[in-house]
Amino acid sequence: IRRVSKDEARALGFWHDETPDDNPMVDAQGLVEVPKWRHALINIAHPLLKQGLVILDTPGLNAIGTEPELTLNLLPSAHAVLFILALDTGVSQTDIEFWREHVQAAGARGRSAFAVLNKIDTLWDGLRDDVEIESEIENQISFCAETLEIDASTIFPVSAQKGLVAKINGNQALLERSRLLALEHALSKDLIPRRLEIVRDSTRGEIVELMQRTAALLETRGRGVNEQLEELR
């Protein structure tokens with residue numbers, strides 16, 4: 001972060017006079033904290049990335065209000081969307097609204113959409129056995145599928161934190177328990193081989209939408225011309 005004046009924060013889009021409750025706190029010197037950078041490009045040696053997968057990690061829903069272009073403007077160009085949810089909190093009303101307004105709209109154009117239930121390690125509390133943990137995960141998957149109106153096979157329960165720890169330490173047992181491999185498998189076996197199909201369907205959808213808009217515009221102009229001809233007659 002860095003500290004700037006309110007005028008500079010306003011120029012960068014982080015200070016809005018009309019919504020004072022959403023503005024950052026002002027310190028004793030009259031300065032506010034803003035992010036030092038907004039975009040980062042990271043390259044790592046991962047098999048999925050070597051196959052051509054490009055990941056855009058956008059801000060969470062709490063940042064949509066201040067920087068909507070970082071997320072909303074990128075959705076139409078994405079071939080697939082990973083919608084990250086927390087298993088311990090479930091699907092909130094805000095999640096449902098965003099899913100229906102933006103993710104489902106993108107999915108209507110042939111894009112893949114996956115829901116990821118993160119933080120399944122919160123169930124590893126030592127009080128529940130594996131059967132109870134599995135039952136709770138299945139219940140959450142069913143609830144999520146019903147709420148978001150998607151197939152349960154497109155919902156992946158994972159523990160991203162434990163998966164990262166397992167990869168760093170080379171712990172295969174923990175990696176399998178984190179279920180991160182199932183998500184990677186879905187991306188590598190479903191998404192990457194279907195890139196051509198996804199791009200084709202996306203292009204077709206955009207062309208159809210463009211044709212519909214053009215037809216509506218021509219129809220409107222045609223009516224205007226006919227009305228002018230009637231007036232001239």
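What follows is a walk through the structure, moving from one strand to its salt bridges, rings and surface. Please keep in mind that this is a predicted model.

Let us begin close to the start of the chain. Ser5 belongs to strand β1, which covers residues 2-5. Which residues does Ser5 touch, once those up to four places away in sequence are set aside? They are Gly30, Leu31 and Val32. Along the chain, Ser5 and Gly30 are 25 residues apart, yet their C-alpha atoms are separated by 6.7 Å. Ser5 has a relative accessibility of 32%, and because buried means under 20% and exposed means over 50%, it counts as partly exposed.

The same stretch of numbering brings us to charged side chains. Side chains of opposite charge can pair when their charged atoms come close. How many salt bridges does the structure hold? There are eleven. One of them joins Glu8 to Arg2, with 3.3 Å between the closest N and O atoms. Both partners are partly exposed: Glu8 has a relative accessibility of 34%, and Arg2 has a relative accessible area of 33%. Salt bridges can also link up into a network, as they do for Arg3, Asp27 and Glu33.

Further along, Arg128 and Asp125 bring their side chains together in another salt bridge, at 3.0 Å from N to O. Arg128 is partly exposed, its relative accessible area being 32%. Asp125 also counts as partly exposed, at 36% relative accessibility.

A third pair to look for is Glu184 with Lys167, whose side chains meet in a salt bridge at 3.4 Å, again N to O. This pair links distant parts of the chain: Glu184 lies in helix α7 (residues 180-191) and Lys167 in helix α5 (residues 160-169), 17 residues apart. Are these two residues buried or exposed? Glu184 has a relative accessible area of 18%, so it is buried. Lys167, with 40%, is partly exposed.

Now turn to helix α4, which runs over residues 130-148 and holds Gln140. The relative accessibility of Gln140 is 17%, and therefore this residue counts as buried. What is Gln140 in contact with, leaving aside its neighbours within four places in sequence? Its contacts are Leu87 and Leu117.

Aromatic rings are the next stop. A search of the whole structure finds three aromatic pairs. To see rings gathered in one place, find Phe83, Phe98 and Trp99, which ring pairs link into a cluster. Another ring, that of Trp124, has a charge for company: the charged end of Arg177 sits over it, 4.1 Å from the ring centre.

We finish at the surface. Here Val54, Leu56 and Leu74 make a nonpolar patch of about 290 Å². Where in the chain is Leu56 placed? Leu56 is in the loop between α2 (47-50) and β3 (80-86). With 54% relative accessibility, Leu56 counts as exposed, because the cut-off for that word is over 50%. Looking back at the buried residues on this walk, Gln140 has 17% and Glu184 has 18%, so both fall under the 20% cut-off.

Terms used:
Residues numbered from 1 in each chain as written. Predicted model: local features only at pLDDT ≥ 70, side-chain atom pairs only at ≥ 80, totals over all residues. Heavy atoms only, no water. Phe/Tyr/Trp six-rings, centres within 6.5 Å; stacked < 30°, edge-to-face > 60°. Lys NZ or Arg CZ within 6 Å of the ring centre and 35° of its normal. Patch = residues over 30% accessible without salt bridge, like charges linked within 9 Å, V, L, I, M, F, W, Y side chains within 5 Å. Areas by Shrake-Rupley, 256 points an atom, 1.4 Å probe, with all protein chains shown as cover. Salt bridge = Lys/Arg side-chain N within 4 Å of Asp/Glu carboxyl O. Helix = DSSP H or I, 4+ residues; strand = E, 2+ residues; numbered from the N terminus. Buried < 20%, exposed > 50% of the residue type's maximum accessible area, 1.4 Å probe, protein only. Contact = heavy atoms within 4.5 Å.
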